Amino acid sequence: MIRANKTLLAFSGAALLLVTACTDPNQVGGGTDSNQKAKQGAIIGGIIGAGTGAVVSDSKGKGAVLGGVIGALGGAAIGSALDRQEAELRQQLNDDVRIVNTGDRLILTMPQDILFAVDSFAVTQTLRSDLFRVAQSLQRYPDTTVQVVGHTDSTGAASYNQQLSERRASAVANVLMEGGVPGWRIRAIGRGEDQPVASNLTPEGRALNRRVEIVILPN
């Protein structure tokens with residue numbers, strides 16, 4: 001057990017160094033090259049797989065090696081699939097939809113001001129078209145689950161904002177299901193005003209905080 005713990009600690013340190021070494025600090029979001037996320041996925045998968053294998057390895061460490069190979073292959077496949085899906089969605093969606101590929105998930109951010117009319121839970125016709133395109137993409141990449149997360153600014157009562165975020169997240173999730181995505185793959189979540197990405201003291205900041213995020217997570 002002591003040997004396994006030491007091995008896991010070593011692999012964890014190696015993972016941090018390798019991921020840092022393979023990441024260009026000047027690249028943000030969609031600015032990475034087409035293979036960057038796949039490389040990171042392979043490294044992370046390999047390190048995790050190796051660490052897992054090390055726990056059950058024999059004295060020669062065969063389990064760590066096998067786990068590393070399996071993990072690397074799985075991580076590379078996930079990273080490559082996310083890269084392809086990201087590229088397709090960038091070509092298909094409205095420029096107002098922001099797409100971020102973190103290497104282990106895709107995050108699509110849609111401003112609520114273009115998703116919904118004031119005090120409405122009905123998705124606008126323009127964004128319905130975009131959501132149907134997202135639904136088609138999700139059907140082409142079935143090995144993922146989806147979190148639809150609603151956010152508001154801090155204007156008004158916190159309880160009202162919580163309900164508003166939940167209803168609007170559910171409205172977006174319903175459109176994805178109308179587009180053919182099975183309901184079991186989708187979870188609608190309301191975060192209310194609890195997770196701002198900008199200051200609520202300015203109109204521009206509040207507009208950024210009013211958003212719905214579609215988080216695509218590989219299984």
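Start with the whole chain shown as a surface: about 11,600 Å² is exposed, and carbon and sulfur atoms supply 58% of that area. Accessible areas here come from the Shrake-Rupley method with a 1.4 Å probe, and for residues only the protein chains shown count as cover. Of the 219 residues, 41% count as buried. Buried means under 20% relative accessible area, exposed means over 50%, and partly exposed lies in between (1.4 Å probe, protein chains only).

The model is predicted, so local features need pLDDT of at least 70 and side-chain atom pairs count only at pLDDT 80 or more, while totals for chains, interfaces and linings use all residues. Residues are numbered from 1 along each chain as its sequence is written, and side-chain values use heavy atoms, with hydrogens and water left out.

Next, colour the chain by pLDDT, the predictor's confidence in each residue, from 0 to 100. The average is 79, and 65% of the residues score at least 70. Select helix H1 (residues 2–21), which has the lowest mean pLDDT of the elements at 48, then strand E4 (residues 186–190), which has the highest at 98. Now select residues 14–32, where the pLDDT is below 50; beyond near neighbours in sequence, this stretch has 22 contacts in the model. A contact means heavy atoms within 4.5 Å.

Switch to a cartoon view. The chain has seven helices and five strands, in the order α-α-α-β-β-α-α-β-α-β-α-β along the sequence. Helices (H or I, at least four residues) and strands (E, at least two) are DSSP runs, numbered from the N terminus. Among contacts between residues at least 6 apart in sequence, 70% join residues at least 24 apart.

Select Gln85, found in helix H3 (residues 62–92). Is Gln85 buried or exposed? With a relative accessibility of 1%, Gln85 is buried. Leaving out residues up to four places away in sequence, Gln85 touches Leu106, Ser137, Leu138, Tyr141 and Ile216.

Go on to helix H5. The end C-alpha atoms of H5 are 23 Å apart, in agreement with the 22 Å that its 16 residues should span at 1.5 Å a residue. The expected span is 1.5 Å times one less than the number of residues in the helix. Buried residues of H5 include Leu127, Arg128, Leu131, Val134 and Leu138.

Now show the charged side chains. Side chains of opposite charge can pair when their charged atoms come close. A salt bridge is a side-chain nitrogen of Lys or Arg within 4 Å of a carboxyl oxygen of Asp or Glu. How many salt bridges are there by this rule? The count is eight.

Keep Arg128 selected and add Glu178: these two form a salt bridge, with the closest N and O atoms 2.8 Å apart. Arg128 lies in helix H5 (residues 125–140) and Glu178 in helix H6 (residues 158–178), so the pair ties together parts 50 residues apart in sequence. Glu178 is exposed, at 51% relative accessibility.

Select Arg210 and Asp113, whose side chains meet in a salt bridge at 2.8 Å, N to O. Arg210 sits in the loop between helix H7 (203–209) and strand E5 (211–218), and Asp113 in helix H4 (residues 112–115), 97 residues apart. Both are partly exposed: Arg210 at 22% and Asp113 at 44%. Add Asp153 to see a network of salt bridges that links it with Asp113 and Arg210.

Finish with Arg105 and Asp104, a salt bridge whose closest N and O atoms are 3.4 Å apart. Arg105 is partly exposed at 29% relative accessibility, and Asp104 is partly exposed at 41%.
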